[in-house]
Amino acid sequence: MTPATHSTLFPQVPDSADAVLEGLDPEQREVATALRGPVCVLAGAGTGKTRAITHRIAYGVRAGILQPSSVLAVTFTNRAAGEMRGRLRQLGAQGVQARTFHSAALRQLQYFWPKAIGGSLPRLVDRKAQLVADAAAACRIRLDRGELRDVTAEIEWSKVTQTVPADYPLAAAKAGREAPRGPAEIAQLYTAYEDLKRDRSVIDFEDVLLLTVAVLQDRRDIAEQVRAQYQHFVVDEYQDVSPLQQRLLDLWLGDRDNLCVVGDASQTIYSFTGATPDHLLDFRTRHPGATVVKLVRDYRSTPQVVQLANGLLAQARGRAADHRLELVSQRPAGPEPGYTEYADEPAEAEGAARRIRELLGAGVPAAEIAILFRTNAQSETYEQALADAGIPYQLRGAERFFDRPEVRKASIALRGAARFGGNDSALDDAVDLASQVRAVLSGEGWTPQPPAGSGAVRERWESLAALVNLAQDFAAARPGATLADLVTELDERANAQHAPTVQGVTLASLHSAKGLEWDVVFLVGVAEGMMPITYARTDEQIEEERRLLYVGVTRARERLHVSWALSRSPGGRPSRRPSRFLDGLRPGSGAAQGRGANGTGAGVERGMPGMSTGSTAAPRRTRRTPARCRVCGRPLTDGGELKLLRCEDCPSDMDEGLFGRLLAWREVQARRNGQPAFCVFTEKTLMAIAESVPDEPGDLARIPGVGMRKLKRYGADVLAICAGQDVEGGTEGD
């Protein structure tokens with residue numbers, strides 16, 4: 001997984017302003033040299049927009065046209081802001097402020113609050129769900145967990161669209177919002193929430209923007225001070241700006257027009273939060289003299305992936321579709337996107353895991369593979385399938401790398417070694433930078449082989465391993481670099497939040513995958529009801545779902561696998577159909593019938609257990625009967641319950657002693673294999689074994705999570721343990 005461009009890990013800083021422009025294509029160069037007046041960059045996926053705008057800033061700074069401290073670049077995520085700071089640093093443009101809207105506003109609010117209001121700024125709450133729950137209790141309204149989340153989202157939407165509680169019912173109706181409660185009740189909860197915040201002297205993230213806007217509107221002297229500080233503005237992902245953010249940007253600008261905006265209306269996927277592409281689409285109307293540059297050369301994806309992406313947008317409707325950009329791939333030809341139909345969701349997950357094992361065996365790094373899905377609830381089935389296949393994975397949305405406790409401790413240890421390493425006997429045998437880092441981090445828990453088990457222990461090891469790999473890359477790029485040089489590099493990366501890559505297949509929702517790319521992408525669950533999602537009913541909502549799929553397709557550099565399942569659970573009624581967005585694009589549908597995307601005659605695979613990925617026409621799959629709980633008889637759909645063949649809350653007849661012996665045996669196997677324990681068998685699979693106590697290979701193979709590969713490798717040991725025999729790691733005396 002990488003940010004959305006490939007670059008050398010440790011490039012040399014350009015030695016002049018003109019050198020900053022080297023390597024840019026004509027359109028990117030036009031962006032980089034347009035340093036005055038309003039500039040609108042319409043940038044398609046993979047066209048190097050971040051490269052263009054960071055080189056623009058760096059060129060202006062290196063040429064002496066822009067003062068670093070006078071430039072404010074804003075974007076929407078801490079990761080994107082960190083990447084921008086890292087690139088500017090590599091281009092020799094230190095001192096430029098690259099922040100999120102909220103971060104920039106909070107910094108200004110903290111500085112000016114004593115002058116504008118007096119006293120200290122109220123405490124900022126990280127999560128508002130508890131406050132919303134307390135507001136509901138005060139109103140004597142009961143909310144379940146889902147309703148609590150949805151009401152919180154409605155309050156956030158109201159605030160970013162500058163809608164007060166009294167106006168919520170009318171505004172929600174006009175916007176077509178589908179709230180979890182009646183509009184009047186939402187307005188009541190919204191009012192109670194605001195009252196509760198005032199009583200407790202706290203503010204939320206939306207208040208940061210609202211209060212900054214209020215201060216700049218009411219205090220002309222403060223607004224002028226901010227405008228004197230910042231004279232040049234760059235806004236990335238401009239299609240995702242909300243009305244509130246646009247109002248803040250207008251106040252920062254005043255009557256000036258030194259503004260560069262970058263965006264793509266076809267990647268507007270956050271309208272549910274109040275974002276709108278209208279500001280991007282109306283930019284030339286508001287700024288008639290604006291310089292407009294279109295970036296359409298796609299450096300990320302192969303022609304085959306780009307053809308599918310363009311095909312998706314060719315069918316789009318609406319205002320954003322009228323401004324779509326047709327991408328032109330700059331890469332050599334690659335394989336056609338693959339399409340696979342499965343009988344049910346567990347089979348789809350198992351099929352993806354099988355393909356990934358083959359890719360890993362062929363040398364594709366795990367960090368360059370991603371499984372992308374529409375909702376976070378889909379991840380559990382894929383987590384289980386990857387674990388059963390012994391494939392390490394990581395979930396997007398974890399804590400920022402340099403904020404992790406183990407990374408902070410490791411940085412302190414490396415800093416100490418850099419200062420006093422001459423007196424540290426642990427470094428006596430370290431002959432180079434990489435071995436010094438390995439020696440230091442060994443004291444923090446790093447080992448050459450990953451620990452057995454998963455969870456927090458494995459995550460800590462992965463963090464330390466990422467630092468070791470970073471040190472090796474740094475040493476290779478900077479021969480002769482010292483431990484002190486590496487510590488400086490880590491400090492600068494921490495300030496920029498430019499984290500090293502953690503190994504493992506990425507599992508992510510389509511929304512959280514925005515701005516990232518991988519060599520191989522699996523788009524799963526691409527069926528009606530999930531893509532578009534069932535609650536997308538209006539034309540605008542359905543078009544946003546199409547754009548979300550477009551974002552998913554354009555995450556792939558070389559290989560793209562698209563799949564769907566005919567039913568949710570094994571044996572279920574095969575009532576689903578592939579997403580309408582694939583009509584005319586996938587083989588066998590509409591204009592694409594009988595040929596692949598380039599006329600090669602490729603077809604849709606029918607996924608079957610254990611089938612070779614080279615198959616293109618498999619026999620009809622035998623229909624499985626619905627899986628039911630063996631205790632109460634209820635149909636099972638949850639991945640964990642399917643493994644146990646019972647409901648989670650139904651009584652278990654598990655042999656606790658057997659389960660303990662299986663766990664002990666698993667730990668030994670994991671250490672021997674140098675892999676996490678869950679890659680041997682997940683705990684759910686071991687629980688299922690301890691409940692059924694199989695005595696024959698066929699019985700063991702039928703337990704979900706075992707399969708023929710693991711039966712061949714571990715079956716004899718497991719059956720021996722179930723029979724009460726002594727096996728290394730599973731003996732009763734252990």
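Helices (H or I, at least four residues) and strands (E, at least two) are DSSP runs, numbered from the N terminus. This is a predicted model: local features need pLDDT of at least 70, side-chain atom pairs count only at pLDDT 80 or more, and totals for chains, interfaces and linings use all residues. Residues count from 1 along each chain as its sequence is written, and side-chain values use heavy atoms, with hydrogens and water left out.

**Exercise 1. Find where glutamine 162 lies, and describe its backbone and its exposure.**

Step 1. Place the residue. Glutamine 162 sits in the loop between α7 (145-160) and α8 (168-175).

Step 2. Check phi. Most residues other than glycine have a negative phi, and most peptide bonds are trans. Glutamine 162 is not a glycine, yet its phi is positive, about 60°.

Step 3. Check exposure. Buried means under 20% relative accessible area, exposed over 50%, and partly exposed in between (1.4 Å probe, protein chains only). Glutamine 162 has a relative accessible area of 42%, so it is partly exposed.

**Exercise 2. Do the same for glutamate 237.**

Step 1. Glutamate 237 lies in the loop between β7 and α12.

Step 2. Its phi is positive, near 50°, and glutamate 237 is a residue other than glycine.

Step 3. Glutamate 237 has a relative accessible area of 13%, so it is buried.

**Exercise 3. Locate the cis peptide bond that leads into proline 532.**

Step 1. The bond runs from methionine 531 to proline 532, with omega near 5°.

Step 2. Proline 532 belongs to the loop between β16 (516-523) and α23 (539-553).

**Exercise 4. Work out the surroundings of strand β3 (residues 71-75).**

Step 1. Count buried residues. In β3, 5 of its 5 residues are buried.

Step 2. Sort them by face. In a regular strand the side chains alternate between the two faces of the sheet. Val71, Ala73 and Thr75 are on one side of β3, Leu72 and Val74 on the other, and all are buried.

Step 3. Find the partners. Two strands pair if DSSP finds at least two bridges between them. β3 pairs with β7 (residues 232-235) in the parallel sense over 4 bridges. Valine 74 has valine 235 of β7 as its bridge partner. β3 also pairs in the parallel sense with β4 (residues 97-100), over 4 bridges. There, alanine 73 is bridged to alanine 98.

**Exercise 5. Give the strand order of the open sheet and name its edges.**

Step 1. The sheet has 6 strands in the order β4-β3-β7-β8-β2-β9, with parallel pairing.

Step 2. β4 and β9 (291-295) are the edges. Each has a single partner strand, so one side of each lacks a neighbour in the sheet.

**Exercise 6. Which disulfides does the structure contain, and what surrounds cysteine 40?**

Step 1. A disulfide is a pair of cysteine sulfur atoms within 2.5 Å. The search of the whole structure finds 0 disulfides.

Step 2. For cysteine 40, the nearest cysteine sulfur is that of cysteine 260, 8.3 Å away.

Step 3. Cysteine 40 has 1% relative accessibility, so it counts as buried.

**Exercise 7. How enclosed is helix α26 (residues 683-692)?**

Step 1. Of the 10 residues of α26, 7 are buried, so the helix is largely enclosed by the rest of the structure.

Step 2. The buried residues include Thr685, Leu686 and Met687.

Step 3. Look past the end. Valine 693 follows α26, and its phi is positive, near 45°.
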